[in-house]
Amino acid sequence: MKFTVLTLFPEIVKAYFESSIMAKAVEKGIIACDLVNIRDFALDKHRTCDDGTYGGGAGQLMMPEPLGKALDSVGAMKKHVIYVSPSGKPLTQKKAQELSRKDELVFICGRYEGIDHRIIDLYVDEEISIGDYVMSSGEVACEVIIDTVYRLIDGVISSESLEEESYCDGLLEYPQYTRPSEYKGLKVPEVLLSGNHEEIRKWRLRKRLQKTLKNRPDLIQSARVNGQLTEEAEKMIEEISDLVCLKHLKKKRRK
C-alpha cells in the first residue's frame, strides 16, 4: 500500500515513516510513501502558500494554486484523497479497515485556518476527523489515521495481535499483564496463571464487558444492534449491572 502525504512540513511525517514498525514495513516493501512539499509548487520566490480569507476573519488560509498543483503532480484526480479536518467524519476502526483495502491514499495536511474550499470541491473524496478538538498540525492528525490503517495490512503485524483488540468486535480490550507476577503489592489475577484456557477466555470477556460498560457504554448498544453480543456476553452484562447496582445501594446505606 502507498501513502502519499502533501504537507508544508514533510520532515514531521518523514520521521514517522523511518521509525519502529512502520520503518520495517517500508523496508519489506509492504508500505510505500511519497512525501510532497506543497511549498515546492508555490508561485513566488518566497514560496508563499497562505493568504487572508475573503470576507475577513482571523488567521490565514492555505491557497488553492500551490496545493492544487501539488495534487496534480501525484495524479490525485484518479486516487482516493483524504483531507484531515476537525470538520470531517469521525475516524473509527471500521473506517480504518475500509481504508486499509485501498491501494493508495493521498492525504492533505492542513495548517493555519485550513484550506481553500475549492480544493475540497475539486479533489477531496472524504474529510476525516480524529476527534472533537482542533489541532495546529494536520501532519500529526494525518499520522494518527495512517497508523490506524497500515497496521491492518497483511504482513505488517501478526493477525493474532489484531484479533482481540479494542473495537475489533465492538468491545474494548481486556487488561493485560506481564512479569513479574507481583508488582508493588499488586498481583496478576490468579486465573491468568492457572493454565485453564476456558476460564481465561471467560475472565477476559467479562473484563472487556466491564471496561466497555464503564468507559464506553454506547459501544454496548452498538454491538447489540450489530448482533455482536453473544448470549454469554448478555448474561455477563446482566451480572455486572446487578453487582454495580448492589455496590451503589451499599454505598448509599453507609451514608
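**Close-ups of a predicted model**

**View 1. The largest nonpolar core.** In this predicted model, the largest nonpolar core is built from 27 residues, and F3, I31, F107, I146 and Y150 have the most contacts inside it. Several elements chip in with two or more residues each: β1 (2-7), α1 (10-17), α2 (20-28), β5 (80-90), α4, β6 and α6 (138-150). The largest share comes from α6, which gives six residues.

**View 2. Zooming in on F3.** Who does F3 touch once we skip residues up to four places away in sequence? The list runs F17, I31, A32, C33, D34, L105, F107, I146, V149 and Y150.

**View 3. A second core.** Separate from the one that F3 belongs to, there is a second core of 21 residues. Among its members are V74, I120, Y123 and V124.

**View 4. Cysteines without disulfides.** Search the whole structure and you'll find zero disulfides. Take C49: its sulfur sits 13 Å from the closest cysteine sulfur, the one in C109, so the gap is too far for a bond. C142 is in no disulfide either; here the nearest cysteine sulfur, again that of C109, is 4.0 Å away, while a disulfide needs the two sulfurs within 2.5 Å. Both cysteines are tucked out of reach: C49 is buried at 2% relative accessibility, and C142 is buried at 0%.

**View 5. S100 in its loop.** You'll find S100 in the loop between α4 (93-99) and β6 (104-109). Is S100 buried or exposed? With 18% relative accessibility, S100 counts as buried, because the cut-off for buried is under 20%. Setting aside neighbours within four places in sequence, S100 is in contact with M1, V149, L152 and I153.

Note on methods. Residues numbered from 1 in each chain as written. Predicted model: local features only at pLDDT ≥ 70, side-chain atom pairs only at ≥ 80, totals over all residues. Heavy atoms only, no water. Buried < 20%, exposed > 50% of the residue type's maximum accessible area, 1.4 Å probe, protein only. Helix = DSSP H or I, 4+ residues; strand = E, 2+ residues; numbered from the N terminus. Contact = heavy atoms within 4.5 Å. Core = buried A, V, L, I, M, F, W, Y, C linked by side-chain atoms within 4.5 Å.
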